[in-house]
Amino acid sequence: MQASLVDIAFEEPPFSLLDERLRQRLAEGVDLHYFEALAQPLVPGAVGEAVYIIHKGEVAELAADSTLPDAATLDKAQREGLDAWVSLRIGHYTAGDLFGALTLLNGHCRTRFVCEQETLCYQLPAQLFFSLCDECPAFGEYFQHSLSDKARLLAAQRDTRQGASRDQAGFMLARVMDCMRPPLKLAASASIEQGVKAMQTAGADSLIISVEGRQGVVTRTDLLNALVIQGLAANHPLASLGSFALVAVTAEEYLFQALVQMTRHRVARVVVKERLTPDAAVVGVIELTDVLGFFSNRSQLVSLEIERASDMAALEQASARLPEMVRALAMQGVHMRHAMALLSALNGRLIERTFAMLVEEEHRTSSCLMLMGSEGRGEQILKTDQDNGLIIADGHQWPENEDTLQRFSDALAGLGYPPCPGNIMVSNPEWVATESRWRGKIARWCAGRDGEALMNLAIVFDARASGGNEALVDSLRGHLVRHATRDELLLSHFARPALHFSTPLTLFGSLRSPRHGIDIKKGGIFPIVHGVRTMALERGVMATGTFARLEALVSDGRIEASDSADLAEALSLFAELRLRQQLRHLEEDEHGAAVGRASDSRRDGQDKTTAAREAGSRNLIITQSLSSLERDLLRDALSRVKDFKQRLSHRYHLEY
């Protein structure tokens with residue numbers, strides 16, 4: 001076949017891994033082959049003669065022992081979307097997809113491939129396929145890559161396509177090592193005067209001291225306060241002025257991760273260590289001014305705007321810019337895990353500043369605001385419903401808290417965080433209680449084990465502090481862990497919701513109908529999040545984020561590192577696909593508002609069923625819109641979810 005007549009996506013992996021010469025050889029070596037509906041290009045046990053690249057049509061992959069439908073059943077299934085046929089699939093391939101490579105590499109076919117309709121395929125002969133693998137090892141290795149390897153390929157592909165856009169994302173791609181300052185180190189016995197002169201000479205705003213093996217930082221502000229406020233003499237030693245609770249990063253981390261740490265810990269600098277251990281040497285310092293210097297567009301100044309806000313109007317202005325920042329991150333291809341960390345830190349800081357503005361200090365120091373749900377886990381991208389609660393220290397009197405907390409919930413709504421449909425927020429007295437009452441609630445929920453009780457346990461286990469006395473949240477979560485860790489029956493009940501939603505591998509048939517799609521939250525995100533949450537609860541892992549929990553479970557020996565990496569990549573992929581869908585809806589909403597289609601009267605008259613349907617559509621992924629590699633990744637990711645659910649079922653005896 002003439003190369004010019006071959007319609008193969010050479011810009012997509014795995015063909016993009018080939019150089020121009022090998023692509024030309026491939027194009028010249030393939031033949032176009034026609035298959036009738038219900039034809040079987042590959043059957044279990046077959047040795048295989050070629051790799052098939054679909055030009056037109058659809059092919060289903062079935063289990064080896066599956067029973068084939070007759071033509072009438074298949075035709076009806078295609079017209080009506082019946083699950084009788086769709087549920088047999090373990091894979092589904094359309095134009096641009098390839099199949100048969102693993103048959104050649106493994107020596108025989110382990111499944112059955114059936115044409116669902118008349119299908120045209122390019123046949124890549126086995127001899128030519130192996131020749132390409134020999135001359136381009138990356139091409140052959142692609143077919144046995146892990147999910148994380150394929151995700152890196154997709155990221156590299158986007159890097160190439162978005163070169164100009166990504167050049168503008170220097171901040172998001174920069175590493176800490178790219179702009180960290182060398183640390184200014186002085187002996188702890190040095191005087192304030194010596195410290196001031198050393199800073200002036202070095203042009204630094206801080207210096208590092210060491211006292212009895214502990215490293216600390218002394219800032220220019222510390223020295224000024226010591227001289228002016230405390231009235232200390234210029235020859236006073238630096239030792240007593242140091243802050244030893246250092247916030248640290250490593251030189252290899254992304255620069256914006258340093259911003260995440262600054263935002264969460266409310267500091268203007270972090271130290272850079274060789275490794276994140278107490279005894280590791282400080283090798284650099286990152287100042288907030290250094291980080292802001294890397295910002296390439298105004299949307300990324302949200303952090304500074306939040307810190308400078310002096311009233312709710314200023315906070316609302318900063319909050320309104322977050323969607324712009326989300327779009328920028330998505331366009332620049334920033335890895336979803338890092339994007340979630342940054343945006344979660346900004347969202348958390350917005351909420352914390354709101355709490356500080358509306359709640360008097362005497363009440364803040366004797367209470368703690370809990371962020372829960374995706375915000376508690378640090379996995380929120382676009383703003384979602386309010387999910388929060390409040391712990392009040394035993395003995396603290398706050399009789400007027402209901403009015404204050406209602407104003408707080410209203411203020412969050414003004415920032416773009418809508419009220420929780422389940423009323424899980426501080427304006428609901430059920431989610432505001434003293435330490436003792438909260439401990440009583442935990443005990444009742446653990447004993448009750450009904451659906452609502454289990455949901456509440458999950459909500460509290462994901463909670464993180466955002467304003468006030470953080471020790472109150474740590475104590476409450478510790479109380480929950482002590483109740484649940486050794487209760488096998490409770491853990492079994494707790495794990496069960498991870499299996500409530502079927503893995504949507506069988507719904508790839510939605511490619512034929514734009515009205516349908518894969519609910520990525522139910523079928524992909526929730527099983528991972530809740531399954532990992534269950535394992536973390538069992539092992540007493542106190543991290544709240546799913547990624548951090550996976551890392552802790554690997555360290556604990558509870559899960560293999562390769563499985564953890566695949567689940568993390570799967571979760572990142574699902575979050576990215578979901579974000580794209582949410583951004584499309586956001587653009588539609590904004591356009592509708594601009595032309596007057598989203599009037600208040602329409603919103604006021606909209607019933608809950610319609611609202612729920614529209615909210616659910618934001619989680620539906622239309623696989624037609626995905627590239628071949630993205631569909632391949634999605635299949636792999638959902639397969640990992642299916643395997644993970646089987647392991648959960650076995651571990652927590654859910655099959656019974």
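How many cavities of 30 Å³ or more does the structure hold? Some notes from my read-through, bearing in mind that this is a predicted model.

1. The count is one cavity of 30 Å³ or more. Its volume comes out at about 40 Å³. The residues around the cavity are Ile-391, Glu-435, Trp-438, Arg-439, Leu-472, Ser-475 and Leu-476.

2. On who builds that lining: helix H21 (435-448) and helix H23 (471-484) each put in at least two residues. Sorted by class, the lining has four nonpolar residues, two charged and one polar.

3. Trp-438 deserves a second look, as it lines the largest cavity and also turns up in the largest nonpolar core. That core has 120 residues, and Trp-438 is listed with Ile-286, Leu-390, Leu-457 and Phe-574 as touching the most other members. Helix H27 (residues 561-594) gives this core its largest share, eleven residues.

4. Phe-574 is worth clicking on too. Setting aside neighbours within four places in sequence, Phe-574 is in contact with Ile-520, Gly-524, Ile-525 and Ile-528, as well as Leu-634, Ala-637, Leu-638 and Val-641.

5. There is another core, lying apart from the largest one; it has 25 residues, including Phe-10, Leu-18, Phe-129 and Tyr-142.

6. Now the strands. E7 (residues 119-125) runs antiparallel to E1 (residues 31-35), with five bridges joining them; one of the places to check is Leu-32, whose bridge partner in E7 is Tyr-122. E7 also pairs with E2 (residues 50-56), again antiparallel, over six bridges. Here Ala-50 sits opposite Pro-125 of E7.

Note on methods
Residues numbered from 1 in each chain as written. Predicted model: local features only at pLDDT ≥ 70, side-chain atom pairs only at ≥ 80, totals over all residues. Heavy atoms only, no water. Pairing = 2+ DSSP bridges. Helix = DSSP H or I, 4+ residues; strand = E, 2+ residues; numbered from the N terminus. 1 Å grid on protein atoms, 1.4 Å probe; cavity = no way out; pocket = protein on both sides within 12 Å on 5 of 7 lines; lining within 4 Å. Points joined across faces, edges and corners; volume = space filled by probe spheres on them. Nonpolar A, V, L, I, M, F, W, Y, C, P; charged D, E, K, R; others polar. Core = buried A, V, L, I, M, F, W, Y, C linked by side-chain atoms within 4.5 Å. Buried < 20%, exposed > 50% of the residue type's maximum accessible area, 1.4 Å probe, protein only. Contact = heavy atoms within 4.5 Å.
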